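Dear colleague,

I am passing on the structure we spoke about, and I would be glad if you could look through it alongside the notes below.

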Amino acid sequence: MKTLHLFAMGCFLWAVSTTTAQSAQADQNNADVAVIIGNKTYADQDIPEVRFAHNDAKAMKQFVQSVLNIREENIIYLEDATQAKMQSTFGRQGNHRGKAFQYVKPGVSKLYVFYSGHGLPGQHDQKSYLLPVDAEIATADINGYPTDLLYKNLKQVEAKSVMVFLDACFSGNSAGGSLITQASGASILPAPDDNQNDTLTVITAASNDQLASWDEESRHGLFTEYLLRALYGEADKNNDGKVKLDEVSAFLKEDMRYKARRTYNRDQVPDISGNSDQILVAAVDGIYPTRPTLLQESEDLIDPPAIDTGNYDLYPVEQNMFALKNANVRRLPTVRARKVMMLPKGEPIHVAAKIIDQPWYAVERGDGIIGYVFADLLGEEKDIATEEENRSIRELKERLEKLEERTRLSTQDILPAPPKTQADSPQVDEQPVEQPRPERARPPQDRYDQIESGLKTMGAILARQSFILPGEDGDRQTSFSYNWIRVHADRCKLSASISLSHNDKINIYDRQIEGTFWQTLDNKKHILRSRDVNGWKKEKIELFKHGPFIFKSKQDRNRFARQADKMRDICPRPRHVQANDDGYNPQSRYQRPPPPPFKRPPPPFRRNND
């Protein structure tokens, strides 16, 4: 009996070792190839990031390794792929011999292609384009990668079969924001092929005029999340141990479409092209692999390290601002510096300081300053929020500022003086307790608060006028910046420091200006010109002025002037000034002194020679 038991145990161990060896040999002989691309962060500030593109790419890499048994050396994995990387992978027009062609074993390898990122319709044709991270919206038909070229080149790699998954939409919109306006969806699927043995299969996230949504719970694209669910066995409704293309199609059109409608109240129906009986995944011994848990990206959870700012002259700002559009945080105050992180449109950030004479904010998060953001990309108010949110933010800021100012100026005279008679005082004691108050009623601001609030609004307009314009020759440039802005509510005055440089001919540094708003200030226009060596005019830059204050935008100048008109109605006049339309009365105090009395000089002395 003992001999029989040992014989049975030996047979079992031999069978297990044989199965393991066969499995390892199968993995080593697997010639399949996968190309996985996740484009999240784009260089163009107007292109919103694809928040979960890197998560999508990592999850798909886990799938092809654990389920399709594709070897690591046969996986081309790209995060934030540029146009050059996409062309080197798939080839370009007239040359399909990219890395995908090199990796494929003709007639043996199956090729899997996955892309998560932005797609865009061409503005001058009816083509659709995958968007590399260095592409620009206005020239997507030049620096994008056309999907028809992708399909054409993939058909020439001589693979046994080609499977393409595109988690992108081509409607001109995205879950992170609009890419282009007034765009119609472009064709996404490949054109019908007369060859009945066509091996290309394409599954896209949405139809040409629909939006590809995100799944906030799983932190994946909605298409990627439900595609992985289908490929891990949930699409096998008939329990035959095989997931076919028609089952994946039915699963996505039912479950994914319902999720998009339930969560976002919009339709998202995938486009699918290929042999419906094609088997995508097969169970092993009737059991599908368990989907592993993906370790989410930590870049959004861990703050970047603090940097040393000792090389730059900073003046404190200490204010919370919002990203007006996608804003890159850079290690140094230059557009060529390494990017630390990106602030999505509407993201709040604490501005610790501003570099003197340069339009860059030093932003702070966590333990210290983490980098620099170009000043035009940050604003005081969250523009993408609803008006209700903006009103709540303004009310909270006004209440806090009012409390802080009254505490600081408790021993000073606040304009205007407090009421001197009982009639001027508010009668709050006689107000009935049960009297209903109107919705969102707020106590009226006193005159000082109105002046301060108006001056801060005008200061915010000045703060966004900084700019840098490169010259045509590339070396010379025009730059302008407000180095600091101060509010003097008690004198109804704004003071500031400006710096202006133009073609090495104008070089103004830290010139202090000020303007009082109880008087009228004039609107003017200045033109900065540059000439070539022959004296011909090459370019001109228009600057607009209201009093001593300079504006790059005429619209901002007009907005500033309208606010100044309101301030003139509430600002008190100094006692030594007589009221008239022009502010100071030149005849009241400041007069030219009279000329000295004329005295005839004495006649010259003449010597008598007698």
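What follows is a short account of the sheet and of the helices that lie on it.

Please keep in mind that this is a predicted model. At its centre of interest is an open sheet of 6 strands with mixed pairing, in which the order is β2-β1-β3-β7-β10-β14. The edges are taken by β2 (75-79) and β14 (271-273), and because each of these has a single partner strand, one side of each is left without a neighbour in the sheet. From one strand to the next, the twist averages 5°.

Within this sheet, β1 (residues 33-38) runs parallel to β3 (residues 110-116), and the two are joined over 6 bridges; if you wish to find this pairing in the viewer, Val-33 stands opposite Leu-111 in β3.

Two helices are worth following from there. Helix α6 (residues 147-154) lies across β3, β7 (161-167) and β10 (200-204), and its direction is at about 160° to that of β7. Helix α7 (residues 222-234) also packs on the sheet, where it touches β3, β7 and β10, while its direction makes about 135° with that of β7.

How much of α6 is buried? The helix is mostly covered, with 6 of its 8 residues buried, namely Thr-147, Leu-149, Leu-150, Tyr-151, Asn-153 and Leu-154. These buried residues pack against the strands β3, β7 and β10, and also against α3 (83-90), β5 (128-130) and β6 (145-146).

With best wishes

Definitions and conventions:
Residues are numbered from 1 along each chain as its sequence is written. This is a predicted model: local features need pLDDT of at least 70, side-chain atom pairs count only at pLDDT 80 or more; totals for chains, interfaces and linings use all residues. Side-chain values use heavy atoms; hydrogens and water are left out. Two strands pair if DSSP finds at least two bridges between them. Helices (H or I, at least four residues) and strands (E, at least two) are DSSP runs, numbered from the N terminus. Axes are lines fitted to C-alpha atoms, for helices over the stretch in contact, and angles run from 0 to 180 degrees between N-to-C directions. Contact means heavy atoms within 4.5 Å. Buried means under 20% relative accessible area, exposed over 50%, partly exposed in between (1.4 Å probe, protein chains only).
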